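I sat down with this model to look up two things, the backbone geometry and the surroundings of the ligand. My notes are set down in the order in which I looked.

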Amino acid sequence: MTKRDASATLYVAGNINVDLIMGTLDSWPQRGTEVMLNHSELRPGGSAGNCALALEAMQVQHRAIANQGDDGLSAWLASHFPHSAAYWTRYSCETSLTVGVTHSDHERSFLSNLGHIVRLSAQDVLAQLPKQASPGDIVLLCGTFLCLQLYEEYPALLGELQRRGYITAVDTGWPPQGWSDAVRDQLARWLALCDWLLLNEVETLGLSAQDDLPRAAQQLASQLSGRGGCVVKRGAEGAACWHNGGAWHQPARPVTVVDTIGAGDSFNAGFLAALVHQQEIPHALRWGIAVASLAISTQPRRYPDWHQLQLSAQEF
Ligand SMILES: Nc1ncnc2c1ncn2[C@@H]1O[C@H](COP(=O)(O)OP(=O)(O)OP(=O)(O)O)[C@@H](O)[C@H]1O
Ligand SMILES: [Mg+2]
């Protein structure tokens with residue numbers, strides 16, 4: 001069994017917002033009318049938020065690096081991240097809120113305001129991090145395309161993180177504007193400063209402008225710093241990693257899926273927790289899948305604690 005007390009810390013920086021999930025809605029209401037739905041759930045969300053909640057449950061040494069607004073939801077959101085929120089920069093604005101509407105065919109539609117996450121700056125992030133990394137410390141940047149200010153500052157931010165000695169990881173998510181040459185050019189400015197890139201299949205194909213997954217992932221891996229690799233989350237197929245010219249594939253667990261929101265963020269928590277604990281890539285893929293599998297198959301959502309994680313990662 002792996003030791004839990006790694007000296008390294010996993011810092012997760014990016015979008016932490018409020019999610020309001022409501023359902024089930026099967027046809028859009030006529031303008032100006034009201035519809036009663038039979039289910040609603042208010043919970044902390046956003047890629048960085050989901051990942052940090054999983055790390056908290058897993059008892060992995062971590063900090064959520066973020067900012068906040070100053071309306072009625074700000075304190076509620078901060079209360080879910082008690083060890084991190086004291087450091088968050090406060091902006092005079094609304095809290096970022098996503099309303100997720102679920103449909104009976106398992107599709108979902110999302111409505112989001114801009115709120116505080118678009119204001120998060122590189123200075124906010126750097127001020128919450130030690131000036132010098134401890135050996136093995138990782139900084140994960142996520143919600144790339146939603147943190148509009150930070151998106152512009154990625155090259156400078158990743159450069160400074162490398163100078164401070166951090167291992168860097170990025171999960172961009174899907175660009176709301178779609179993949180264009182302008183988006184690819186923007187990302188090309190910092191890929192070489194990124195050690196680990198964590199994407200899903202369509203993001204991997206979109207960013208690389210390829211239609212063959214292994215070639216796409218191999219190409220992206222070769223554009224990174226060379227110290228990590230390109231991890232591809234493949235839904236029900238599992239996950240894979242391209243690193244140093246080699247490729248590893250790990251099939252998923254067959255699970256009864258009840259809610260896939262944040263599947264990729266839960267995977268990131270497990271995968272990077274394994275790296276913080278000096279695990280090899282095949283183990284890291286299993287840790288990622290173990291966390292995601294439990295998260296997407298439980299309602300209310302559950303994440304494994306440290307002991308459960310060790311047991312379930314051994315069951316592969
Ligand atoms: N239908 C499924 N069956 C089994 N496992 C799944 C399923 N969907 C997702 N997973 C698990 O969750 C992990 C991450 O999911 P996915 O590949 O969908 O990431 P993603 O697209 O980045 O997710 P997100 O929508 O949260 O960004 C997968 O590697 C797998 O372990
Ligand atoms: Mg994702």
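The entries below take the backbone first and the ligand afterwards.

**Entry 1, the model.** I note at the start that this is a predicted model, and I read every value below as computed from it.

**Entry 2, cis peptide bonds.** I kept in mind that most peptide bonds are trans. I looked up the bond from Gly23 to Thr24 and found it cis, with omega near 0°. Thr24 sits in the loop that runs between strand S2 (17-23) and strand S3 (39-45). I then turned to the bond from Gln299 to Pro300, which is also cis, and wrote down its omega as near -5°. For Pro300 I recorded a position in the loop between helix H9 (281-296) and helix H10 (306-314).

**Entry 3, positive phi.** Most residues other than glycine have a negative phi, and with that in mind I went through two residues that depart from it. Asn244, which is not a glycine, has a positive phi of about 55°, and I placed it in the loop between strand S13 (239-243) and strand S14 (246-250). Is Asn244 buried or exposed? I found a relative accessible area of 67% for Asn244, so I entered it as exposed, the cut-off being over 50%.

Gln278 is the other residue I checked, and its phi, near 55°, is positive although the residue is not a glycine. I located Gln278 in the loop between helix H8 (263-276) and H9. Its relative accessibility is 65%, so I entered Gln278 as exposed as well.

**Entry 4, the ligand shell.** Which residues are closest to ligand 1? I counted 17 residues around ligand 1, and the closest are Asn200, Gly235, Gly238, Ala263 and Gly264. Sorting the shell by class, I obtained nine nonpolar, five polar and three charged residues.

**Entry 5, polar contacts and burial.** I looked at where oxygen atoms of ligand 1 meet polar backbone atoms of the protein. For Gly235 I noted a distance of 2.6 Å between such a backbone atom and an oxygen atom of the ligand. For Lys233 the distance from a polar backbone atom to an oxygen atom of ligand 1 is 3.4 Å, and for Gly262 I wrote down 3.4 Å, again from a polar backbone atom to a ligand oxygen. Taken alone, ligand 1 exposes 620 Å², of which the protein buries 78%. Last, I looked up which elements give two or more residues to the shell around ligand 1, and these are H8 and H9.

Key: Residues are numbered from 1 along each chain as its sequence is written. Chains are lettered from A and ligands numbered from 1 in the order in which they are written. This is a predicted model: local features need pLDDT of at least 70, side-chain atom pairs count only at pLDDT 80 or more; totals for chains, interfaces and linings use all residues. Side-chain values use heavy atoms; hydrogens and water are left out. Helices (H or I, at least four residues) and strands (E, at least two) are DSSP runs, numbered from the N terminus. Buried means under 20% relative accessible area, exposed over 50%, partly exposed in between (1.4 Å probe, protein chains only). A residue is near a molecule or strand if one of its heavy atoms lies within 4 Å of it. A polar contact is a pair of N or O atoms within 3.5 Å; within protein, one must be able to donate a hydrogen and the other to accept it, and residues adjacent in sequence count only if both atoms are side-chain atoms. Accessible areas come from the Shrake-Rupley method with a 1.4 Å probe; for residues, only the protein chains shown count as cover. Ala, Val, Leu, Ile, Met, Phe, Trp, Tyr, Cys and Pro count as nonpolar, Asp, Glu, Lys and Arg as charged, and the others, Gly among them, as polar.
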